[in-house]
Amino acid sequence: MDFSTVYQELFKPVFAYVLLRVNDCALAEDLCALTWRKAYEKRNLFNPEKGNFRQWIFTIARNEINMHRRLYYVRRFLSLTGFEEGLGETEPAALDPEFCGGEEANLLRAVSRLNGRERDLVALKFYSGLNNREIARQTGLSESNVGTILHRCLRKLREEMKV
Amino acid sequence: MTEQEDFIRLCSNADFDKNRAVQARVWARVTARGAGVYRRWTFAAVAAGVLFAAGFGAASLMRRPADLPVPSGAAVEYSWTCRAGGEVHPADCSCLRHVSVYGGAGTSRSVRVFSGGTDGARRECTLRQGPPELSFYRSCVTC
């Protein structure tokens with residue numbers, strides 16, 4: 001496996017997934033760097049028999065985001081300076097128009113209206129390439145539940161993005 | 001293709017890194033030599049140091065009495081005294097604070113306040129009663 005080739009191919013979907021989850025470009029970049037670094041360091045442990053690389057890297061990204069959320073309050077408590085980093089529950093942070101165009105900003109804004117679980121499912125659906133069954137396995141939900149939530153979310157998103 | 005699939009495809013094509021600047025920056029961070037390793041070891045070392053210092057500090061705080069300034073003339077020959085609610089309590093040392101002034105009159109300027117509890121080594125404090133209480137102690141020592 002050539003790591004740089006895989007990186008070129010999968011960076012954008014992974015970044016988009018993380019960005020949709022955390023709603024902050026700078027934080028998404030940091031979490032992406034952590035994700036890819038972990039994948040780079042553990043690349044010898046990747047076993048193609050257990051699943052493809054795409055699933056593997058998305059699992060790492062998902063774990064990094066969840067870890068970030070778990071440690072959010074600890075870091076906030078220990079921080080010596082003002083703590084500005086959010087959990088992505090609010091309006092998206094100012095997007096750099098150079099790399100986040102109008103359509104993308106519109107999508108981010110619409111996704112930010114969803115709750116954390118919905119956002120996770122939608123982002124996985126859009127970018128991980130996993131089907132509902134695989135998403136259900138990753139998230140611990142039932143397949144029908146995933147389908148229902150996604151259907152509801154996509155309807156909400158379409159309405160939000162029309163505005 | 002259904003309307004839903006069409007919408008998913010549309011959203012999946014969203015490009016949040018059009019000029020690949022983020023991609024380049026992240027790649028530089030990923031491949032920076034030893035960055036992760038050093039950061040992890042530094043963090044582990046600092047965390048271990050902080051934990052050790054905190055444990056040591058807490059233990060010594062528990063063990064060592066606090067030094068309080070004594071006004072001039074307040075240092076008198078004095079033995080162990082047990083106090084409860086600011087009053088001398090000659091009978092029982094448990095749940096009290098032990099107060100001791102070191103040195104003779106005019107030689108010492110510190111009072112040591114020990115945390116309460118029954119301490120076998122200091123049991124003698126129940127046997128002796130100190131001199132009349134100084135007003136200074138009333139304000140500084142609380143049980």
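These legends go with a set of close-up views of a predicted two-chain model.

**View 1. Chain A is built from helices, with no strands.**
Chain A carries 7 helices and 0 strands, so its pattern along the sequence is simply α-α-α-α-α-α-α. Of its 163 residues, 47% count as buried. Take the contacts in chain A between residues at least 6 apart in sequence, and 61% of them join residues at least 24 apart.

**View 2. Helix 1 of chain A packs against helix 2 of chain A.**
Here we're looking at residues 3–22 (helix 1) and residues 25–41 (helix 2) of chain A, whose axes sit 9 Å apart at an angle of about 140°. That angle makes the pair oblique, as it stays short of the cut-off for roughly antiparallel, which is over 145 degrees. The crossing of helix 1 of chain A with helix 2 of chain A is right-handed. On the helix 1 side, the contact residues include A:F3, A:Y7, A:F11, A:F15 and A:V22; on the helix 2 side, look for A:C25, A:L31, A:W36 and A:Y40, among others. By class, this contact has 18 nonpolar, no polar and 1 charged residues. The charged one is A:E29, on helix 2 of chain A.

**View 3. Two cysteines of helix 2 of chain A are buried.**
Zooming in on the helix 2 side of that contact, both A:C25 and A:C32 take part in it. A:C25 has 8% relative accessibility and counts as buried. A:C32 is at 0%, so it counts as buried too. As for bonds between cysteines, the structure holds 0 disulfides over all chains.

**View 4. A:N23 sits in the loop between helix 1 and helix 2 of chain A.**
This asparagine is worth a look for its backbone: phi of A:N23 is positive, about 65°, although the residue is not a glycine. Is A:N23 buried or exposed? A:N23 is buried, with a relative accessible area of 3%, which puts it under the 20% cut-off.

**View 5. Helix 1 of chain A also meets helix 2 of chain B.**
Now for a contact between the chains. Helix 2 of chain B covers residues 21–31, and its axis comes within 11 Å of that of helix 1 of chain A, crossing at roughly 125°. That makes this pair oblique, and the crossing is right-handed. Helix 1 of chain A brings A:F3, A:S4, A:Y7, A:Q8, A:F11, A:K12 and A:F15 to the contact, while helix 2 of chain B supplies B:V22, B:Q23, B:V26, B:W27 and B:V30. Sorted by class, the residues divide into 8 nonpolar, 3 polar and 1 charged. Some residues of helix 1 of chain A, including A:F3, A:Y7, A:F11 and A:F15, turn up both here and in the contact with helix 2 of chain A.

**View 6. B:R20 lies in the loop between helix 1 and helix 2 of chain B.**
Helix 1 of chain B spans 3–12, and B:R20 belongs to the loop that joins this helix to helix 2 of chain B. Phi of B:R20 is near 60°, a positive value in a residue other than glycine. B:R20 is partly exposed, with a relative accessible area of 41%.

**View 7. Chain B mixes helices and strands.**
Chain B has 4 helices and 5 strands, and from the N terminus on they run α-α-α-β-β-β-β-β-α. Buried residues make up 27% of its 143 residues. Among contacts in chain B between residues at least 6 apart in sequence, 60% join residues at least 24 apart.

Terms used: Residues numbered from 1 in each chain as written. Chains lettered and ligands numbered in written order. Predicted model: local features only at pLDDT ≥ 70, side-chain atom pairs only at ≥ 80, totals over all residues. Heavy atoms only, no water. Axes fitted to C-alpha atoms, helices over the stretch in contact; angles between N-to-C directions. Helix = DSSP H or I, 4+ residues; strand = E, 2+ residues; numbered from the N terminus. Parallel < 35°, antiparallel > 145°, perpendicular 65-115°, else oblique. Left-handed = near helix turned anticlockwise from the far one by under 90°. Contact = heavy atoms within 4.5 Å. Disulfide = S-S within 2.5 Å. Buried < 20%, exposed > 50% of the residue type's maximum accessible area, 1.4 Å probe, protein only.
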